[in-house]
Amino acid sequence: MMDNYSEQIVKKRINPAKFTFLILYFVFAFIFILLTVYLSQFFDWMIPVALLIIGFGCYGGWYLWSHKGIEYEYIVVQGEMTVDKIIGMKKRKRMLKFDVKSVDMLGKLSEKPADFDEKQFKDCVYHATDYTESENTYYAALHDIYSKKHCLLYFAPNEKTLETMKPFLKRELKVKIFGK
């Protein structure tokens with residue numbers, strides 16, 4: 001039997017609001033550190049406070065900067081798909097794992113049915129894509145192996161990922177996505 005394997009990384013772009021917050025953090029942290037260093041010249045008790053503020057300010061800046069980059073990794077192996085969230089190219093968190101055969105609905109988000117309701121999935125909705133409104137964004141209703149829940153996944157698979165999923169999809173989904 002032929003090996004079915006696909007791996008795809010989707011980088012999430014930093015949105016303008018987060019970028020603005022990051023810049024404002026650095027500006028205010030810099031001003032606050034300068035202010036405490038200046039005040040520590042006049043009050044001896046401010047020296048340890050200034051050192052703490054410098055330490056926390058630097059740690060907070062490092063933490064925010066190192067966690068700004070988010071990527072999603074889709075891996076399909078022999079009909080089983082895992083979706084991982086990679087934060088700052090260091091920390092990996094498994095979002096969900098499912099059998100491709102358990103996918104009940106699959107399609108481009110722009111072509112979703114009119115009666116499609118995200119609310120039926122309650123607290124089991126995963127966004128593993130950069131932009132939900134993108135033309136390449138797909139939705140999938142599936143059964144998560146870990147949580148044992150019926151979940152909704154928004155993701156942006158490339159052609160290879162879709163082709164690797166194809167042999168394991170239900171017949172009606174194959175026809176809908178790929179044609180004959």
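Helices (H or I, at least four residues) and strands (E, at least two) are DSSP runs, numbered from the N terminus. Two strands count as paired if DSSP finds at least two bridges between them. This is a predicted model, in which local features need pLDDT of at least 70 and side-chain atom pairs count only at pLDDT 80 or more, while totals for chains, interfaces and linings use all residues. Residues are numbered from 1 along each chain as its sequence is written, and side-chain values use heavy atoms, with hydrogens and water left out.

**Strands and sheets**

Strands of a sheet pair through backbone hydrogen bonds, either parallel or antiparallel. Here, four strands form an open sheet in the order E1-E2-E3-E4, and their pairing is antiparallel. Strand E1 (5-12) and strand E4 (91-99) are at the edges with a single partner strand each, so one side of each has no neighbour in the sheet. From one strand to the next, the twist averages 15 degrees (axes are lines fitted to C-alpha atoms, for helices over the stretch in contact, and angles run from 0 to 180 degrees between N-to-C directions). Strand E3 (residues 80-87) is joined to E4 by eight bridges in the antiparallel sense. Thr-82 is opposite Lys-97 in E4.

Strand E8 (residues 150-155) has pairings with E6 and with E7. Strand E6 (residues 125-128) pairs with E8 in the parallel sense over four bridges, whereas strand E7 (residues 138-143) runs antiparallel to E8 and is joined to it by six bridges. Phe-155 in E8 is the bridge partner of Ala-128 and also of Tyr-138. The hairpin of E7 and E8 has six residues between the strands, and Lys-148 in this hairpin takes a positive phi near 60 degrees.

Is E8 mostly covered or mostly uncovered? Five of the six residues of E8 are buried, so the strand is mostly covered (buried means under 20% relative accessible area, exposed over 50%, partly exposed in between, with a 1.4 Å probe and protein chains only).

**Salt bridges**

Side chains of opposite charge can pair when their charged atoms come close. A salt bridge is taken as a side-chain nitrogen of Lys or Arg within 4 Å of a carboxyl oxygen of Asp or Glu. The count by this rule is six. Three of these pairs are listed below.

| Pair | Closest N and O atoms |
|---|---|
| Lys-11 and Glu-71 | 3.9 Å |
| Asp-84 and Arg-92 | 3.0 Å |
| Asp-104 and Lys-170 | 2.9 Å |

The salt bridge of Lys-11 with Glu-71 has one end in strand E1 and the other in strand E2 (residues 70-77), so it ties together parts that are 60 residues apart in sequence. Lys-11 is exposed at 58% relative accessibility, but Glu-71 is buried at 12% relative accessible area.

Asp-84 is buried, with a relative accessible area of 2%, and its partner Arg-92 is partly exposed at 47% relative accessibility. Which residues are linked with Asp-84 and Arg-92 in a network of salt bridges? The network also includes Glu-73 and Arg-94.

The salt bridge between Asp-104 and Lys-170 connects two loops. Asp-104 is in the loop between E4 and strand E5 (105-108), and Lys-170 is in the loop between helix H3 (159-165) and helix H4 (171-178), so the pair ties together parts that are 66 residues apart in sequence. Asp-104 is partly exposed at 30% relative accessibility, and Lys-170 is partly exposed at 29%.
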